Amino acid sequence: METLTLDRENNMSILAFDVHGVLDTYSEFRSIAYNAAISKGVSVYIISGSLFNTEMQEELSSYNFYYDKYFSITQEILDYNPDLVTWKDGKPYAPDHIWDKMKSVICEREKVNILFDDSPCYGKYFKDISTTYVEVQNSHWKESGRICKSNIS
Ligand SMILES: [Mg+2]
């Protein structure tokens with residue numbers, strides 16, 4: 001059985017949540033995030049593919065909870081190299097190996113303890129970092145989440 005390691009250096013644990021397929025799909029995760037955010041010693045981060053635009057801010061506001069920081073895969077890639085992001089029908093795209101790895105890059109850098117996410121294609125990048133990837137299984141991810149070519153069987 002694997003033991004979770006919390007960041008004892010600053011006595012803070014950090015929980016991170018995906019939006020589409022997790023927070024927007026399950027009230028239970030909104031409740032977990034809300035209770036974590038109001039708990040002393042726990043920070044709540046949001047890590048989404050989407051930019052932190054007005055639409056996303058309004059969506060998060062509608063959940064009526066608190067979060068400490070927001071991170072966007074799209075923004076991270078744009079900051080790294082804007083040429084890697086292409087847009088189609090208002091949605092951002094980047095090469096799979098870059099997009100799929102970015103949540104683990106963010107989690108490692110930000111010292112996230114646990115990420116709750118519904119995309120099967122992200123999990124393999126968490127094997128060598130301290131963040132625990134908890135894959136939320138739902139029947140909607142192929143419609144609402146990122147399609148993982150390598151995971152479609
Ligand atoms: Mg998702």
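Here is a short walk through this structure, from its overall layout to its sheet, its core and one pair of helices. Keep in mind as you look that the model is predicted.

Let's start with the chain as a whole. It is built from seven helices and seven strands. If you follow the sequence from start to end, these elements come in the pattern β-α-α-β-α-β-α-β-β-α-α-β-β-α. The chain has 153 residues, and 31% of them count as buried. Contacts across the sequence matter for the picture too: among contacts with a separation of 6 or more, 57% are between residues 24 or more positions apart.

Now find the sheet. Five strands form an open sheet in the order β3-β2-β1-β6-β7, and their pairing is parallel. At its edges stand β3 (69-72) and β7 (132-135); each has a single partner strand, so one side of each is left without a neighbour in the sheet. Going from one strand to the next, the twist averages 20°. For a closer look at one pairing, turn to β2 and β3, which run parallel and are joined by four bridges. Within this part of the sheet, I47 has F71 in β3 as its bridge partner.

From the sheet we can move to the nonpolar core. The largest such core has 29 residues, and A16, F17, V22 and L115 are those with the most contacts inside it. Several elements each supply at least two of its residues: the strands β1 (13-17), β2 (42-48) and β6 (114-117), together with the helices α1 (19-23), α2 (27-37), α4 and α6. Strand β1 gives the most, with four residues. F17 is a good residue to pick out here. Leaving aside residues up to four places away in sequence, F17 touches V22, L23, F29, A33, I46 and F116.

Two of the helices that supply this core, α4 and α6, also pack against each other. Helix α4 covers residues 73-80 and helix α6 covers residues 102-110; their axes are 10 Å apart and meet at an angle of about 85°. Angles of 65 to 115 degrees count as roughly perpendicular, and α4 and α6 are therefore roughly perpendicular to each other. To see where they touch, look for I73, E76 and I77 in α4, which meet M102, K103 and I106 in α6. Sorted by class, this contact has four nonpolar residues and two charged ones, with no polar residues.

Technical notes. Residues are numbered from 1 along each chain as its sequence is written. This is a predicted model: local features need pLDDT of at least 70, side-chain atom pairs count only at pLDDT 80 or more; totals for chains, interfaces and linings use all residues. Axes are lines fitted to C-alpha atoms, for helices over the stretch in contact, and angles run from 0 to 180 degrees between N-to-C directions. Angles under 35 degrees count as roughly parallel, over 145 as roughly antiparallel, 65 to 115 as roughly perpendicular and the rest as oblique. Two residues are in contact if their C-beta atoms, placed from the backbone, lie within 7 Å. Ala, Val, Leu, Ile, Met, Phe, Trp, Tyr, Cys and Pro count as nonpolar, Asp, Glu, Lys and Arg as charged, and the others, Gly among them, as polar. A nonpolar core is a set of buried Ala, Val, Leu, Ile, Met, Phe, Trp, Tyr and Cys residues joined through C-beta atoms within 7 Å. A residue is buried if 20 or more other C-beta atoms lie within 10 Å of its own, exposed if 12 or fewer, and partly exposed in between; C-beta atoms are placed from the backbone. Two strands pair if DSSP finds at least two bridges between them.
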